[in-house]
Amino acid sequence: MSTCKDQDPRIHAIQSSIRVVPHFPKQGIMFQDITTLLLDPKAFKDTIDLFVERYKGKNISVVAGIEARGFIFGPPIALAIGAKFVPLRKPKKLPGKVFRQEYDLEYGSDCIEMHIEAVEAGERALVVDDLIATGGTLCAAMNLLERAGAEVVECACVIEIPELKGKEKLNGKPLYVLVEYR
């Protein structure tokens with residue numbers, strides 16, 4: 001069962017449009033499937049609008065999206081707030097010189113990379129992904145951006161799984177979430 005963090009009526013429609021798939025990608029994981037959210041144009045638009053309302057006018061110059069679902073939410077947010085979009089990709093997907101960061105997942109480990117020249121020192125960045133579970137992916141993203149000299153302002157996710165305590169790994173960095181899965 002999910003619970004809403006906000007009383008905005010749009011949150012309920014967003015929450016209702018997310019499908020939970022038991023035991024995917026492995027036994028014991030309750031996968032939060034946002035593809036059903038994407039099939040509902042109003043809920044998808046409301047999701048983007050809620051993020052844009054929060055970040056418009058906050059002088060954010062970089063929206064960094066984590067592959068792959070951060071690529072869905074990040075670009076429309078970046079365009080709406082007048083920021084550039086920086087993709088944080090799986091290994092060996094970006095040509096040229098990259099920063100590389102390994103991290104642990106709820107069900108394994110992985111790595112993300114970012115072009116070295118994608119972010120300039122002093123830029124204000126927002127990290128976007130669909131979900132925070134253990135916090136490893138968001139921490140890796142923040143590390144990449146900070147190594148490039150950016151100031152990470154906040155992390156934004158559609159869904160949080162609070163019982164996995166991922167927020168605690170963010171070292172006090174603010175996290176904005178639309179829906180909590182309980």
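**Helix α4**

I started with which residues of α4 are buried, and got Gly 70, Phe 73, Gly 74, Ile 77, Ala 78 and Ile 81. Those residues span an arc of only 125° around the axis, so they sit on the same side of α4. That fits the general rule: an α-helix has 3.6 residues a turn, so residues three or four places apart point the same way. Note to self: this is a predicted model, so everything here is computed from predicted coordinates.

Next I looked at what the buried residues of α4 pack against. The list is α2 (35-38), α3 (41-55), β4 (62-66), β5 (84-88), β8 (124-132) and β9 (151-160).

I also checked the length of α4. It has 12 residues (70-81), and at 1.5 Å a residue the helix should span 16 Å; the end C-alpha atoms are 16 Å apart, so that agrees. Right after α4 comes Gly 82, with a positive phi near 75°.

**Helix α1**

Same check on α1 (residues 9-16): Arg 10, Ile 11, Ile 14 and Gln 15 come out buried. Their arc is only 135° around the axis, so they too lie on the same side of their helix, α1. On the face of α1 turned away from that buried side I found the exposed residues Pro 9 and His 12.

**Cores**

Which residues touch the most other members of the largest nonpolar core? I got Val 63 and Ile 77, out of 30 residues in that core. At least two residues each come from α1, α3, α4, β8, β9 and β10 (175-181). The biggest giver is α3, with 6 residues.

I then pulled the contacts of Ile 77, skipping residues up to four places away in sequence: Ile 48, Phe 51, Val 52, Val 63, Leu 126 and Val 128. There is also a second, separate core of 29 residues, and Val 62, Ala 64, Cys 157 and Leu 175 are among its members. In general, nonpolar side chains of soluble globular proteins tend to be buried together.

**Cysteines**

How many disulfides does the structure hold? The count is 0. For Cys 111, the closest cysteine sulfur is in Cys 139, 15 Å away, which is too far for a bond. Cys 157 is in no disulfide either; the nearest cysteine sulfur there belongs to Cys 155, at 6.8 Å. The cut-off I used is 2.5 Å between the sulfur atoms.

I looked up burial for both as well. Cys 111 has 4% relative accessibility, so it counts as buried. Cys 157 is at 0% and also counts as buried.

**Aromatic pairs**

I found 5 aromatic pairs in the structure. For Phe 51 and Tyr 176, the ring centres are 5.9 Å apart and the planes at 80°, so I logged the pair as edge-to-face. Phe 51 is in helix α3 and Tyr 176 in strand β10, so the pair ties together parts 125 residues apart in sequence. Are these two buried or exposed? Phe 51 and Tyr 176 are both buried.

Phe 71 and Phe 85 also came out edge-to-face, because their ring centres are 5.9 Å apart and their planes at 90°. Phe 71 lies in helix α4 and Phe 85 in strand β5, so this pair ties together parts 14 residues apart in sequence. Phe 71 counts as partly exposed, at 26% relative accessibility. Phe 85 is partly exposed too, with a relative accessible area of 26%.

Last entry: ring pairs link Phe 51, Tyr 55 and Tyr 176 into a cluster.

How values were computed:
Residues are numbered from 1 along each chain as its sequence is written. This is a predicted model: local features need pLDDT of at least 70, side-chain atom pairs count only at pLDDT 80 or more; totals for chains, interfaces and linings use all residues. Side-chain values use heavy atoms; hydrogens and water are left out. Helices (H or I, at least four residues) and strands (E, at least two) are DSSP runs, numbered from the N terminus. The expected span of a helix is 1.5 Å times one less than its number of residues. Buried means under 20% relative accessible area, exposed over 50%, partly exposed in between (1.4 Å probe, protein chains only). The arc is that of the directions from the helix axis to the C-beta atoms. Contact means heavy atoms within 4.5 Å. A nonpolar core is a set of buried Ala, Val, Leu, Ile, Met, Phe, Trp, Tyr and Cys residues joined through side-chain atoms within 4.5 Å. Rings of Phe, Tyr and Trp (its six-membered ring) pair if their centres lie within 6.5 Å; planes under 30 degrees apart count as stacked, over 60 as edge-to-face and the rest as tilted.
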